[in-house]
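Biologist: Let us go through this model by question and answer. Please keep the replies short.
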Amino acid sequence: MPNEGKELLSRRALTVWRIRIGALYILSGFLTGGIFVFSHTAALAAKILFTVLLILFVFVFCPAAFNKTSCRFCERAIMVEKGLIFHRISEIPFSKIEYCVISQTPCEKLYGISTLTFLCAGSFETVRGISLINSEKINLTFQKGEKS
Amino acid sequence: MKKNEYYNHIHPLSLTKKLKLSALLLLLPIIQQILYRPTGIAEIIGSMSLNTLYSAFVTTFAIMSYRRCLYRIAPNGIKICSGIINRKRLLLPFDRIQTMIFHEDILSRLFNAAWVYFDTAGGRKNSADISVCLNRKTAYAVRKLIASKKTEKIRCSILNMLLMAAFWSNPVSGLLFSVPVVYHLKTIFGLAPNDLLSSVDTPIRHILPNISPAAEMLAKIMIIGWLVSFVVQFFKYANFTCCREGKYIVTSRGLASRTLICTKADGITAVTIDHTLIMHLFRLKSASVFTIGSGKLKGDKSLIIPAEKEAALCRRLEEIVPMNTAELKTVSPKKGSVLSYLYAPLIAAAAYIFAAYFFISFGEFAAQLRAAAAVAAIPIIWWIIFRVYAFKTSFISICDNCAAINSYDRLTMRKFYIPFDKLQYITIKQNPFQKRKGCCNMTIYMYYEKTVKRTVRQLPFREATELAQLIRSHMRK
């Protein structure tokens, strides 16, 4: 099995998550502007709160969540771990995977990463931040594994 | 997408799917102009601006979705690339596809296209995994990939098809279809709705000469609704054929719109044999399948054998689906426990009698309500008769390679044949009254797109337990 045991998540995923949080922070500026019309104090408080949350998410939550997220090959299966507060470990045998979907947002395309979704009977598992090359390899391995 | 792989565009008719979602809102500017009739240019621009902007946005979105959706038929499956901002790529292997549906309605036939739906076990339960509009030649090419040696086609006779359409039609579904059309007849064609209703005056007056005007109006509406539903059902299921092609069961139906459904035989969760009370009078039954992808197309009953006599139906079932339906051991409800089947209709009847007595005795519209009360008694009496029939014909049995359960679902008797490897589990339940009488309820669970359970009530406890153990031993093999 190629890349067995090797971590498949890309460090660029962390950058993409930080960019998304930054975009949310910009959007929150519009919300603060709306609150400003009614109350200056409330708008200031909201802005401070959003800024604190931004710092927490970018420098604390994202790296911690990234360290807790992993995706690796096992013997004829994919092992997925994710979740910071509610940690979850899934082992998905290749034989139970119906098909895979590789998706990329524009931001993910810029950094060469993708989101891989494994569809099984009645459920699905999503892994975000896998490099595109690894996504293609997993897809190919699943197809070959399915044939054998 | 690999650079040396060639991808094709889907058919432009797929635009209609996106536009259909916003159909009413796209028509809003036109409806607004008809209703409010703005006089000046400023008023016209003011009334249309937002709606025009929305229409332009939806149309642009639909065109971009179409342009960004590409497909490729690979030797091992179908590859799809789609999405405007969030690009998605997937390869659906042919081995994993459980159901393929090829649907040609009037519009797609005009434009040489066909809607193709692929379903696997991994998709959503309410929609197909992939639904695309392809060129008809490409759709047939995909169809040929699964074609192999055919068994003889089973065709449904016109008379049986007419009877089946009549049994399945109900006034409510006909009314849902026809009410918007009738309502707009005057504005579109200059016809009044009364012109349509007056066409059923003579038949009603012959059958019910002294009927009150309110009941007459109700009867007219019900008849028209039933007629519309009948025509729709007939057009949907006319030209029905079914055959076995290699691993697939292929059914084809439809007069104006043609639908071809290919279902993998070894993925079938259950085969059901249905009949209503009226169908039982004609000794006709129909067979359907439960599998991944069945029932997702609107109004689809996953039919494989339409109205047939039972002997012919079982024989044809063995040809199409390798399932031996000869029952080896059967357990039926205990004699004398018919009352438990009648609790619901008897409670409804008691509530109806009380309400009728109260409103007719004390209400202001007693005379008008009497006719309505007489009409309302008919479904309750029908319900009671059906429940007695259900008690007599319910059973659970074991066959050579499947378990069979015959139970009722609303006003239809459904017989399920479930292969042992598709059975999930069996439960036996007893309430305190059943414990005293030595009865129980047995429930069989299966799964296709969702968990489905069938229950037979008031079975003798000892025999039911023995049968359940026998079925479980077959499940373990």
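Biologist: In which sense do strand β4 of chain A and strand β4 of chain B pair, and over how many bridges?
Modeller: The model is predicted. Strand β4 of chain A covers residues 97-104, and strand β4 of chain B covers residues 87-93. S103(A) stands opposite K88(B) in β4(B). The two strands pair in the antiparallel sense, over four bridges.

Biologist: Which are the edge strands of the open sheet formed in the order β6(A)-β5(A)-β4(A)-β4(B)-β3(B)-β2(B)-β1(B)?
Modeller: Seven strands form this sheet, with antiparallel pairing. An edge strand here pairs on one side only. The two are β6 (123-131) of chain A and β1 (8-9) of chain B.

Biologist: In what pattern do the helices and strands of chain A follow one another along the sequence?
Modeller: Chain A has four helices and six strands. Read along the sequence, the pattern is α-α-β-β-β-β-α-β-β-α.

Biologist: What radius of gyration does chain A have, set against a compact globule of 148 residues?
Modeller: The C-alpha atoms of chain A fill a box of roughly 65 × 30 × 25 Å along the principal axes. Buried residues make up 23% of the 148 residues. A compact globule with that number of residues would have a radius of gyration near 15 Å, but chain A has 19 Å.

Biologist: Is Y357(B) buried or exposed?
Modeller: Y357(B) lies in helix α13 of chain B, residues 339-362. A residue counts as exposed if 12 or fewer other C-beta atoms lie within 10 Å of its own. Y357(B) has 11 within that distance, so Y357(B) is exposed.

Key
Residues numbered from 1 in each chain as written. Chains lettered and ligands numbered in written order. Predicted model: local features only at pLDDT ≥ 70, side-chain atom pairs only at ≥ 80, totals over all residues. Buried ≥ 20, exposed ≤ 12 C-beta atoms within 10 Å, placed from the backbone. Rg over C-alpha atoms; globule rule 2.2 N^0.38 Å. Pairing = 2+ DSSP bridges.
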